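This briefing sets out the fold, the packing and the local backbone features of the structure shown below. The points are grouped by topic for reading alongside the coordinates.

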Amino acid sequence: MKKSVINSTALFACAFFALSTMSCSGKDGKKTAETEQENVYAVNASIAREGNLDDYLEFGGDVSSLNAVDVYPDVAGKISRIVVSVGDYVRKNQVIAYVDASRPGMNYAANPVKAPISGTVTSIGPTLGTMVSQSYSIAKISDTDELQVKINVAERFISRIENGQGAVVSFDAYPGVEFNAKVFEVSPVLDTTSRTMLVKLKVTPSDPRIRAGMFAKVRLITESIKNAVVLSSDAIIRRDGKPYVFTVTRNTAGSDEKDSVSMVSVSEGLTVDNKTEIREGLKEGDIVVVKGQSLLTDGAKVKILSIDGKNVESEKKADEIKE
């Protein structure tokens, strides 16, 4: 009788253990399936587009008149009269001042000082009564309609500079405004002290907002790529030393199925200001992950939070409201 009770108890214990094991196994299996379903990565994306990519060198420069001359008197003497002011426009041979060459016991008529060119008076040196000689500059006259920007290029960059090269010029006085310019003169020699080469640029077309004496920020275009597929450099990752991007395949079926990604090998070109030319592997219009791609693998499921900075959910809701 005792033996029968013991066997029954052992049998019950084995059955309970088996059920428990099956129950645990079921829970673990369910948990694994749920974990696999939860492997959806939140990412930000951008659309690959065609555009121009310009490599450049940056310099600081000074604006000056293309034609500017100093005005000297024909005789030595005392300034007896000044007939123009700074900012006045004068014509060639117009009188701008008079010099009295008289001395004790010797009286002479005042000698006129004439403008050698037409232009704007940008400075006047002496005041009335100042004694001047033939080597003393009385005034400076500049042609303010034609301005130039002078920059000094370091020796290591001179191989990238040539006549006719394009540039973009900006000024602190006009934030966010850019002016086109072109190199029209390159010095054939370098300054032996600073080891720099003088380069002159002309703003085209001329603009009345630009004035002589202004400080210019110059971006000299050294290489230009036209109609290239351009992408944010942040989108490119490296696996085994090779560049890849993750392109997104959108789910358009309207189900709960998430978007997926494909790992695509690309060929890089020129990189400027965190933008990279993609020579091979992408085409215009491809949606590429630019943030959150470090953990992705080929075929991974993703949820796109934004495309080119625009919130996807907000855009979707806006479209639903319109409909």
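Within the sheet described below, Asp70 stands opposite Lys140, a residue of β10. The model is predicted. The protein contains two helices and 23 strands, and 31% of its 323 residues count as buried. Among contacts between residues at least 6 apart in sequence, 69% join residues at least 24 apart.

**Four-stranded sheet**

- An open sheet is built from four strands in the order β3-β10-β8-β5, and the pairing is antiparallel.
- The edges are formed by β3 (68–71) and β5 (89–90); each has a single partner strand, so one side of each is left without a neighbour in the sheet.
- The antiparallel strands β3 and β10 (residues 139–142) are joined by four bridges.

**Gln134 and its surroundings**

- Gln134 is placed in the loop between β9 (131–132) and β10.
- With a relative accessibility of 44%, Gln134 counts as partly exposed, because the partly exposed class lies between the limits of 20% and 50%.
- Although Gln134 and Val75 are 59 residues apart along the chain, 5.7 Å separates their C-alpha atoms.
- Leaving aside residues up to four places away in sequence, Gln134 touches Tyr72, Pro73, Asp74, Val75 and Ala76.

**Nonpolar cores**

- In soluble globular proteins, nonpolar side chains tend to be buried together.
- The largest nonpolar core has 23 residues, of which Val63, Val149, Ile151, Phe171, Val199, Leu201 and Val218 touch the most other members.
- Two or more residues of this core come from each of β2 (49–65), β11 (147–154), β12 (166–170), β13 (178–186), β14 (196–203) and β15 (215–232).
- Phe171 touches Val63, Phe179, Ile210, Met214, Phe215 and Ala216, when residues up to four places away in sequence are not counted.
- A second core, separate from the largest, comprises 15 residues, including Ile237, Val289, Val302 and Val312.

**Second largest pocket**

- The volume of the second largest pocket is about 180 Å³.
- Its lining consists of Thr144, Asp145, Leu147, Ser206, Asp207, Pro208, Ile210, Arg211 and Ala212.
- Sorted by class, the residues lining this pocket are four nonpolar, two polar and three charged.
- Ile210 appears both in the lining of this pocket and among the residues touched by Phe171.

**Backbone features**

- Most residues other than glycine have a negative phi, and most peptide bonds are trans.
- The peptide bond from Thr204 to Pro205 is cis, and its omega is near -5 degrees.
- Pro205 belongs to the loop between β14 and β15, two strands that each give two or more residues to the largest nonpolar core.
- Asp240 is not a glycine, yet its phi is positive, at about 55 degrees.
- The loop between β16 (237–239) and β17 (242–249) holds Asp240, and this residue is exposed, with a relative accessible area of 82%.
- Asp273 likewise has a positive phi, of about 50 degrees, without being a glycine.
- Asp273 lies in the loop that connects β19 (267–272) and β20 (275–280); with a relative accessible area of 53%, Asp273 is exposed, because the exposed class begins over 50%.

Notes:
Residues numbered from 1 in each chain as written. Predicted model: local features only at pLDDT ≥ 70, side-chain atom pairs only at ≥ 80, totals over all residues. Heavy atoms only, no water. Pairing = 2+ DSSP bridges. 1 Å grid on protein atoms, 1.4 Å probe; cavity = no way out; pocket = protein on both sides within 12 Å on 5 of 7 lines; lining within 4 Å. Points joined across faces, edges and corners; volume = space filled by probe spheres on them. Nonpolar A, V, L, I, M, F, W, Y, C, P; charged D, E, K, R; others polar. Core = buried A, V, L, I, M, F, W, Y, C linked by side-chain atoms within 4.5 Å. Buried < 20%, exposed > 50% of the residue type's maximum accessible area, 1.4 Å probe, protein only. Contact = heavy atoms within 4.5 Å.
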